[in-house]
Amino acid sequence: MKTRNDEVIGLFQDKVTELLLRHRSILDSLSKHAESSARVNRSITKTVTSCGCISINACRQQLPPEVSLESCRDYLSSHIEGELCEHCKEVIEEEIGNHLFYLVAICSLLGFRLEDILNGEHERLNALGFFRLS
Ligand SMILES: [Zn+2]
């Protein structure tokens with residue numbers, strides 16, 4: 001059964017496919033996808049090193065012995081301190097959107113529908129639950 005989210009994802013993929021002229025070659029899309037991934041990471045790094053709205057304070061994760069898998073999240077830290085400012089949020093969103101464009105372009109060029117992949121992954125997550133640790 002198609003949901004509203006499936007429709008939005010499908011429309012996004014259709015638009016990407018329509019605009020996929022300059023990067024029609026799978027090689028162009030693969031290299032742009034890799035570049036856009038680096039740009040997402042760079043935009044997040046810049047929030048720390050240039051803006052300073054968030055900082056990263058990392059150390060080894062400490063779990064008490066005998067902690068259940070379900071309550072692990074109560075003890076694990078993201079290592080992020082602070083909140084993204086509006087400017088950084090906007091920049092990161094834009095870079096993630098650009099990254100999604102090339103991911104979807106790769107899907108289209110190989111004949112995959114993103115909504116099928118997302119629904120399949122969602123079903124796998126539901127079935128595996130906490131056992132899918134990666
Ligand atoms: Zn910021």
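In this predicted model, the side chains of Glu-18 and Lys-15 meet in a salt bridge, with 3.4 Å from N to O. The two residues sit three places apart in helix α1, so about one helical turn separates them. Lys-15 is partly exposed, because its relative accessibility of 43% falls between the 20% and 50% limits.

A similar spacing turns up in helix α4. There, Arg-124 and Glu-121 are three residues apart, about one turn of the helix, and their side chains form a salt bridge of 3.0 Å, N to O. Arg-124 is partly exposed at 45% relative accessibility, and Glu-121 is partly exposed at 24%.

Now let us look at a pair that links distant parts of the chain. Arg-113 forms a salt bridge with Asp-14, the closest N and O atoms being 3.1 Å apart. Arg-113 belongs to the loop between α3 and α4 (114-128), while Asp-14 is in helix α1, and the two positions lie 99 residues apart in the numbering. Both partners are partly exposed: Arg-113 has a relative accessibility of 28% and Asp-14 one of 41%. Glu-115 joins Asp-14 and Arg-113 in a network of salt bridges. The count for the model comes to eight salt bridges.

Helices α1 and α3 bring us to the nonpolar side chains. The largest nonpolar core has nine residues, among them Ile-9, Val-16, Phe-101 and Leu-114. Both α1 (4-19) and α3 (86-110) supply at least two residues of this core, and the largest share, five residues, comes from α3. In soluble globular proteins, nonpolar side chains tend to be buried together. Beyond its neighbours up to four places away in sequence, Ile-9 touches Leu-114, Glu-115 and Leu-118.

Ser-108, also found in helix α3, adds a polar link: its side chain makes a polar contact of 2.8 Å with the side chain of Thr-17. Setting aside neighbours within four places in sequence, Ser-108 is in contact with Gln-13 and Thr-17.

Finally, turn to the zinc ion. Its protein donors are the SG atoms of Cys-51, Cys-53, Cys-85 and Cys-88, lying 2.3 to 2.4 Å from the metal. The angles among these four donor atoms run from 104 to 118 degrees, and the site is tetrahedral. Along the sequence, the donor residues follow the spacing C-x1-C-x31-C-x2-C. Cys-51 in helix α2 (residues 26-51) and Cys-85 in the loop between β2 (80-82) and α3 are 34 residues apart, a pair linking distant parts of the chain. Cys-51 is partly exposed at 43% relative accessibility, and Cys-85 is partly exposed at 25%.

Conventions:
Residues numbered from 1 in each chain as written. Predicted model: local features only at pLDDT ≥ 70, side-chain atom pairs only at ≥ 80, totals over all residues. Heavy atoms only, no water. Core = buried A, V, L, I, M, F, W, Y, C linked by side-chain atoms within 4.5 Å. Buried < 20%, exposed > 50% of the residue type's maximum accessible area, 1.4 Å probe, protein only. Helix = DSSP H or I, 4+ residues; strand = E, 2+ residues; numbered from the N terminus. Contact = heavy atoms within 4.5 Å. Donors = N, O, S within 2.8 Å, 3.2 Å for Na, K, Ca; no water. Tetrahedral: all angles 85-135°; square planar, octahedral: opposite > 155°, others 65-115°. Polar contact = N/O pair within 3.5 Å; in protein donor to acceptor, adjacent residues only side chain to side chain. Salt bridge = Lys/Arg side-chain N within 4 Å of Asp/Glu carboxyl O.
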